Amino acid sequence: MVEWIQAHEAFLWWLTAASAAVFALFLVAAPWLVARIPEDYFAAEKRPKKQSAVNHSYAVLVLLAVMKNALGGLLV
């Protein structure tokens with residue numbers, strides 16, 4: 001393992017720098033994104049349906065949900 005780290009030292013430094021940059025970006029973006037959430041977002045009983053979901057059949061919606069969850073599972 002130590003040999004691999006020594007052989008890929010430059011790559012690991014770039015990876016560390018990229019990770020720190022993404023973290024810093026998150027620290028700036030997170031409060032801005034949270035501030036943009038409507039005040040009653042979590043208080044509503046049901047969220048209104050998206051316009052695109054209204055025009056699709058039940059089978060298409062189920063297929064899209066399965067594909068979305070499969071992609072999420074693959075990424076995890």
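Reader: How many residues does helix 2 have, and what span does helix 2 reach from its first C-alpha to its last?

Author: In this predicted model, helix 2 has 27 residues and reaches 40 Å from its first C-alpha to its last, which is close to the 39 Å expected at 1.5 Å a residue.

Reader: Where does helix 2 bend, and which proline follows?

Author: The bend, of about 30°, falls at Ala 29, and Pro 31 follows within four residues.

Reader: How should I place helix 2 in the whole chain, and how many helices and strands are there?

Author: The protein chain holds four helices and zero strands, so that, read from the N terminus on, its elements run α-α-α-α. Buried residues make up 1% of the 76 residues, and the chain exposes about 7600 Å², of which carbon and sulfur atoms supply 71%.

Reader: Which residues form the nonpolar patch on the surface?

Author: A general idea helps with reading such a patch on helices: an α-helix has 3.6 residues a turn, so residues three or four places apart point the same way. In this structure the patch is formed by Met 1, Trp 4, Ile 5, Phe 11 and Leu 15, which together have about 570 Å² of accessible area. Helix 1 (2–7) and helix 2 (9–35) are the elements that give two or more residues to the patch.

Reader: Why does Phe 11 count as partly exposed?

Author: Phe 11, whose place is in helix 2, has 49% relative accessibility and therefore counts as partly exposed, because the exposed class begins over 50%.

Reader: How is an aromatic pair described, and which residues form one here?

Author: A pair of aromatic rings is described by the distance of the centres and the angle of the planes. The count here comes to one aromatic pair: Tyr 41 and Phe 42 are edge-to-face, at 5.0 Å centre to centre and with 85° between the planes.

Reader: Are Tyr 41 and Phe 42 exposed or partly exposed?

Author: Tyr 41 is partly exposed, with a relative accessible area of 35%, whereas Phe 42, at 69% relative accessibility, counts as exposed.

Notes. Residues are numbered from 1 along each chain as its sequence is written. This is a predicted model: local features need pLDDT of at least 70, side-chain atom pairs count only at pLDDT 80 or more; totals for chains, interfaces and linings use all residues. Side-chain values use heavy atoms; hydrogens and water are left out. Patches are made of residues with over 30% relative accessible area and no salt bridge: like charges are joined within 9 Å, nonpolar side chains (Val, Leu, Ile, Met, Phe, Trp, Tyr) within 5 Å. Accessible areas come from the Shrake-Rupley method with a 1.4 Å probe; for residues, only the protein chains shown count as cover. A salt bridge is a side-chain nitrogen of Lys or Arg within 4 Å of a carboxyl oxygen of Asp or Glu. Buried means under 20% relative accessible area, exposed over 50%, partly exposed in between (1.4 Å probe, protein chains only). The expected span of a helix is 1.5 Å times one less than its number of residues. The bend at a residue is the angle between axes fitted to the seven residues ending there and the seven starting there. Rings of Phe, Tyr and Trp (its six-membered ring) pair if their centres lie within 6.5 Å; planes under 30 degrees apart count as stacked, over 60 as edge-to-face and the rest as tilted.
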